[in-house]
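Please look over the sequence and the three-dimensional structure shown here before reading on. The report that comes after them is meant to be read with both in view.

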Amino acid sequence: MKKNNHFFTILIAVFASSILIFAISGDEKDKSLHEGTAMYFPNTIDFAGEVAPLQISDVRERLDRELLINANLHSTTTLIIKRANRVFPVIEPILAKYGVPDDFKYLAVIESGLTNATSSAGARGVWQFMSDTAKEKGMEVNDYVDERYHLEKSTEAACKYLLAAKEKFGSWTLAAASYNGGMNGVNKRVEEQQVSNYYDLALTEETSRYVFRILALKEIMKSPTKYGFNIYQSDLYNLIPTKKVEVDSTINDLASFAKTQGINYKILKIHNPWLRDKKLLNISKKKYEIEIPTEGY
């Protein structure tokens, strides 16, 4: 008798579940079937609080393209998610300090994959500054020091640019687009086309995809399991604790200096990629802070 009751209980549960499945809308049913795959698509998405108008067909399709591309670049996107656990804790407080929305950390993601990349045009670092622009923003760039590779200083420089762009355009989305297309370039299109919304502008191929790439990486990185990325906390790359050692004179041999700090030259360069030579020439007695890891090796 108990076995029969158990059977009928299961039968009723299955029947009720089937009713619920048929009761939901077709769109919701498709979404539930796609969840956990590269085909998942969000109901709504925004950049820095500015909502993307997904009801516009080309906007929806452009976002769909970038989501599909990045969700299917599985190894690349997995590595970015892993690196973010190490890099975002450095970037986030600097954005907050300058009053720049947290979403701009995803701009750094699409610029460099959160590595100290070098572009074919010569842009370098996580934020991909050209040499002249970096110098304009107060960074030191020479044969011995290149602060485009200094994560904190380059993030501060990016913040200064973005605040100026927001002041010019009145929109964080356009400010982000101008990071790729240049303030003058984007402003010219705004004036020519007599619109003031990124999603209404006809832009170059790269700039027209730019914000959508940011949105796609933001969406995937915030909800990785919805796109088929099952990454555990233990898989992520951790931020390695360091101490800062201040120097104000020339270091003739960075390998020897590293040994005095209990590490080797390779580890010194990993944590201080802005040191570009085997020595640090410092005739002006400028104060530099060199990071020395206290754990992890």
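The sections below go from the chain as a whole to individual helices, salt bridges and residues.

## The chain as a whole

The structure is a predicted model, and in it the secondary structure of the chain comes to twelve helices and four strands. Of the 297 residues, 42% count as buried, while the surface that the chain exposes amounts to about 16200 Å², with carbon and sulfur atoms supplying 52% of that area.

Among the contacts in the chain with a separation of 6 or more, 62% are accounted for by residues 24 or more positions apart. The structure also holds 13 salt bridges, several of which are taken up below.

## Helix H5 and its cover

Helix H5 spans residues 105-112 and is mostly covered, since eight of its eight residues are buried. These buried residues are Lys105, Tyr106, Leu107, Ala108, Val109, Ile110, Glu111 and Ser112, a list in which charged Lys105 and Glu111 appear together with Leu107, Val109 and Ile110. What covers them includes H4, helix H8 (172-181) and helix H10 (205-222).

After H5 comes glycine 113, whose phi is positive, near 65 degrees.

## Salt bridges around lysine 105

Lysine 105, in helix H5, has a relative accessibility of 7% and therefore counts as buried, the cut-off being under 20%. Which residues form salt bridges with lysine 105? One is glutamate 92, with the closest N and O atoms 2.6 Å apart; because glutamate 92 lies in helix H4 and lysine 105 in helix H5, this pair ties together parts that are 13 residues apart in sequence. Another is aspartate 102, whose side chain meets that of lysine 105 in a salt bridge of 2.7 Å, N to O.

Both of these acidic residues have some accessibility: glutamate 92 counts as partly exposed at 27% relative accessibility, and aspartate 102 is partly exposed with a relative accessible area of 35%.

## Other salt bridges

Glutamate 156 forms a salt bridge with lysine 97, the closest N and O atoms being 3.6 Å apart. Glutamate 156 lies in helix H7 (residues 151-169) and lysine 97 in helix H4, so this pair ties together parts that are 59 residues apart in sequence. At 24% relative accessibility glutamate 156 counts as partly exposed, whereas lysine 97, at 62%, counts as exposed.

Elsewhere, Asp46, Asp103 and Lys218 are linked in a network of salt bridges.

## The packing of H7 and H8

How are H7 and H8 oriented where they pack? The angle is about 125 degrees, with their axes 8 Å apart, and the two helices are therefore oblique to each other. The crossing in which H7 passes H8 is right-handed.

On the H7 side, the residues that take part are Ala158, Tyr161, Leu162, Leu163, Ala165, Lys166 and Phe169, and they meet Trp172, Leu174, Ala175, Ser178 and Tyr179 in H8. In general, an α-helix has 3.6 residues a turn, so residues three or four places apart point the same way.

## Threonine 78 in helix H4

Helix H4, which takes part in the cover of H5, runs over residues 74-98 and contains threonine 78. Is threonine 78 buried or exposed? With a relative accessible area of 15%, threonine 78 is buried, because the value falls under the 20% cut-off. Leaving aside residues up to four places away in sequence, threonine 78 touches Phe229 and Ile231.

## Glutamate 289 in strand E4

Glutamate 289 belongs to strand E4, which covers residues 288-293, and it is partly exposed, with a relative accessible area of 42%. Which residues does glutamate 289 touch, not counting residues up to four places away in sequence? They are Lys244, Val245, Glu246, Asn272 and Trp274.

For valine 245, a C-alpha separation can also be given: the C-alpha atoms of glutamate 289 and valine 245 are separated by 5.5 Å, although the two residues are 44 residues apart along the chain.

Note on methods: Residues are numbered from 1 along each chain as its sequence is written. This is a predicted model: local features need pLDDT of at least 70, side-chain atom pairs count only at pLDDT 80 or more; totals for chains, interfaces and linings use all residues. Side-chain values use heavy atoms; hydrogens and water are left out. Buried means under 20% relative accessible area, exposed over 50%, partly exposed in between (1.4 Å probe, protein chains only). Contact means heavy atoms within 4.5 Å. Accessible areas come from the Shrake-Rupley method with a 1.4 Å probe; for residues, only the protein chains shown count as cover. A salt bridge is a side-chain nitrogen of Lys or Arg within 4 Å of a carboxyl oxygen of Asp or Glu. Axes are lines fitted to C-alpha atoms, for helices over the stretch in contact, and angles run from 0 to 180 degrees between N-to-C directions. Angles under 35 degrees count as roughly parallel, over 145 as roughly antiparallel, 65 to 115 as roughly perpendicular and the rest as oblique. A crossing is left-handed if the near helix is turned anticlockwise from the far one by less than a right angle, and right-handed if clockwise.
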